[in-house]
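User: I would like to go through this structure with a few questions. Please show it to me before we begin.

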Amino acid sequence: MNTEMYQTPMEVAVYQLHNFSISFFSSLLGGDVVSVKLDNSASGASVVALDNKIEQAMDLVKNHLMYAVREEVEILKEQIRELVEKNSQLERENTLLKTLASPEQLEKFQSRLSPEEPAPESPETPEAPGGSAV
């Protein structure tokens, strides 16, 4: 780094910040290097040029991020559609099974699902012949 042409610590800091910013944004963007020459004769113009280049790099990063976010949103929307469809199918199956189940089967099933109610401690008695167990 050639900082001899910069006379104040502020100019050196701006130069170093510029180099860091450009290399940082370049690494994010895959090597698109933007170069800005700073000269001591027009330090005000150099700072403006530097600000413009940094703003351009930040806009480029923002555009890349927005594109990536849009892609991710589309993927998530598709997953949501699939999950809603699967949920709807499972609700239809559940309704059908409830319709086809006997009241005894539903009661037995509900007792297994509700953990708040303590399970009976006595062993279950086998059902009468002809009955079905679920």
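Analyst: A helix here is a DSSP run of H or I with at least four residues, and a strand is a run of E with at least two. The model is predicted.

User: What pattern does the protein follow when read along the sequence?

Analyst: The protein has three helices and zero strands. Read from the start of the sequence to its end, the pattern is therefore written with helix symbols, α-α-α.

User: Which two residues meet in a salt bridge?

Analyst: A salt bridge needs a side-chain nitrogen of Lys or Arg within 4 Å of a carboxyl oxygen of Asp or Glu. Searching the whole structure gives one such bridge. Its N to O distance is 3.0 Å, and the partners are Arg 81 and Glu 78.

User: In which helix do Arg 81 and Glu 78 lie?

Analyst: The two residues are three apart, about one turn of the helix. Both belong to the helix that covers residues 43–100, which is α2.

User: Is Arg 81 buried, partly exposed or exposed?

Analyst: Buried means under 20% relative accessible area and exposed means over 50%. Glu 78 has 34%, so Glu 78 is partly exposed. Arg 81 has 47%, so Arg 81 is likewise partly exposed.

User: What percentage of the protein's residues count as buried?

Analyst: The cut-off for a buried residue is under 20% relative accessible area. The protein has 134 residues, and the share that counts as buried is 14%.

User: How much of the area that the protein exposes do carbon and sulfur atoms supply?

Analyst: The protein exposes about 11100 Å². Of this area, the share from carbon and sulfur atoms is 60%.

Key. Residues are numbered from 1 along each chain as its sequence is written. This is a predicted model: local features need pLDDT of at least 70, side-chain atom pairs count only at pLDDT 80 or more; totals for chains, interfaces and linings use all residues. Side-chain values use heavy atoms; hydrogens and water are left out. Buried means under 20% relative accessible area, exposed over 50%, partly exposed in between (1.4 Å probe, protein chains only). Accessible areas come from the Shrake-Rupley method with a 1.4 Å probe; for residues, only the protein chains shown count as cover.
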